Each structure stands twice: as C-alpha cells, then as structure tokens.
Amino acid sequence: MRIGTTGQDAESSLLDNAQYFYKLGYLQDGLKKEGYTVELKGFAQAEPAVNEAFAANEIDVAVYAEFPLITAVSNGFDLKCFALSTSQLNFGLLARKVSGIKSISDLEGKNVVVTLGTIS
C-alpha cells in the first residue's frame with residue numbers, strides 16, 4: 001500500500017497516532033496480516049502534489065487535508081474519504097462588521113474567497 005503524505009519526510013508527516021504506530025511497526029504489521037506492505041511517499045509540494053500522485057497512480061491512499069480532496073473529486077478524481085483526523089485545528093469565518101454577516105446563512109449570494117491548496 002503506497003501511502004502519500006505531505007512534507008518531505010513522509011514518516012514525520014503522519015498524524016498523531018498513525019506516526020506512533022508506524023514508528024513501533026504496528027501499522028506495517030497490521031497491514032502485513034491483510035496482505036499489504038507499506039510504502040510511505042512524502043510530497044514536499046503538499047496537497048497539490050498528492051493529487052498529482054493520485055492522477056499518476058503513484059499512491060493508493062493519502063493522509064492530507066480535506067480541501068484538496070474536495071478539489072480532486074470536483075475535478076473528476078474517483079477518491080473516497082474513509083477517515084478524518086484532526087490536531088484540534090480551529091477554523092472560523094471572518095467578515096467585516098459592516099458586512100452584516102453574522103452566520104453561515106448570511107453568506108447566500110455573497111462572494112467568498114479562499115486560497116486553493118490549503119485547508120482554508
């Protein structure tokens with residue numbers, strides 16, 4: 001199983017428990033029992049490079065943010081999200097006070113700007 005991660009060092013890019021399990025060999029042993037070998041592939045160019053690796057059939061699964069997944073699927077990639085992980089990231093919506101935006105429903109009909117390739 002070829003696992004793509006963001007960052008040059010694939011092992012340290014695994015999140016929380018997955019990194020710990022990998023270092024102890026639990027991830028490799030567990031997947032070996034199911035007939036898989038583990039190959040980690042790090043991508044210093046982050047999520048866009050992971051999507052390129054999916055397109056080139058260079059990886060089977062990836063540990064990366066949800067926005068690049070949504071971008072890939074919206075561009076025709078046949079990908080499925082089967083697990084979510086968080087390091088207690090908090091997100092918010094910022095709007096100028098004069099905009100009148102107080103809730104998500106106030107965004108209807110408005111233009112929203114995000115930076116592609118991030119978890120924005």
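A residue counts as exposed when its relative accessible area is over 50%, as buried when it is under 20%, and as partly exposed in between. Keep those cut-offs at hand for this tour of a predicted model.

**The whole chain**

Start with the protein chain in cartoon view. Five helices and three strands should appear, and from the N terminus on they run β-α-α-α-β-α-β-α. Now switch on the surface: the accessible area comes to about 8,900 Å², with 53% of that belonging to carbon and sulfur atoms. Of the 120 residues, 22% are buried. If you like contact maps, take those contacts between residues at least 6 apart in sequence; 55% of them join residues at least 24 apart.

**A nonpolar patch**

Next, select Tyr-20, Phe-21, Leu-24 and Tyr-26 and show their side chains. Together these residues make a nonpolar surface patch of about 440 Å². Which helix gives the patch its largest share? Helix H2, residues 16-24, does so with three residues. Tyr-20 has its place in this helix.

**Ala-44 and a partner in space**

Move on to Ala-44, in the loop that links strand S2 (39-43) to H4. Is Ala-44 buried, partly exposed or exposed? Its relative accessible area is 46%, so Ala-44 is partly exposed, falling between the 20% and 50% cut-offs. Now add Thr-5 to the selection and draw a distance between the two C-alpha atoms: it reads 8.8 Å, although Ala-44 and Thr-5 are 39 residues apart in sequence.

**Asn-57**

Follow the chain through H4 and stop in the loop before strand S3 (61-63), where you will find Asn-57. Check the backbone here: phi is positive, about 60°, and Asn-57 is not a glycine. Most residues other than glycine have a negative phi. Is the residue buried or exposed? Asn-57 counts as exposed because its relative accessibility is 53%, and the cut-off for that class is over 50%.

**Helix H5 and what covers it**

Finish by selecting helix H5, residues 66-74. Which of its residues are buried? Color Phe-67, Pro-68, Leu-69 and Ala-72, since these are buried under the 20% cut-off. Residues three or four places apart in an α-helix point the same way, because there are 3.6 residues a turn. What covers the buried residues of H5? Show helix H4 (47-55), which is included in that cover. As a last stop, step past the end of H5 to Gly-76, where phi is positive again, near 95°.

How values were computed:
Residues numbered from 1 in each chain as written. Predicted model: local features only at pLDDT ≥ 70, side-chain atom pairs only at ≥ 80, totals over all residues. Heavy atoms only, no water. Buried < 20%, exposed > 50% of the residue type's maximum accessible area, 1.4 Å probe, protein only. Helix = DSSP H or I, 4+ residues; strand = E, 2+ residues; numbered from the N terminus. Contact = heavy atoms within 4.5 Å. Patch = residues over 30% accessible without salt bridge, like charges linked within 9 Å, V, L, I, M, F, W, Y side chains within 5 Å. Areas by Shrake-Rupley, 256 points an atom, 1.4 Å probe, with all protein chains shown as cover. Salt bridge = Lys/Arg side-chain N within 4 Å of Asp/Glu carboxyl O.
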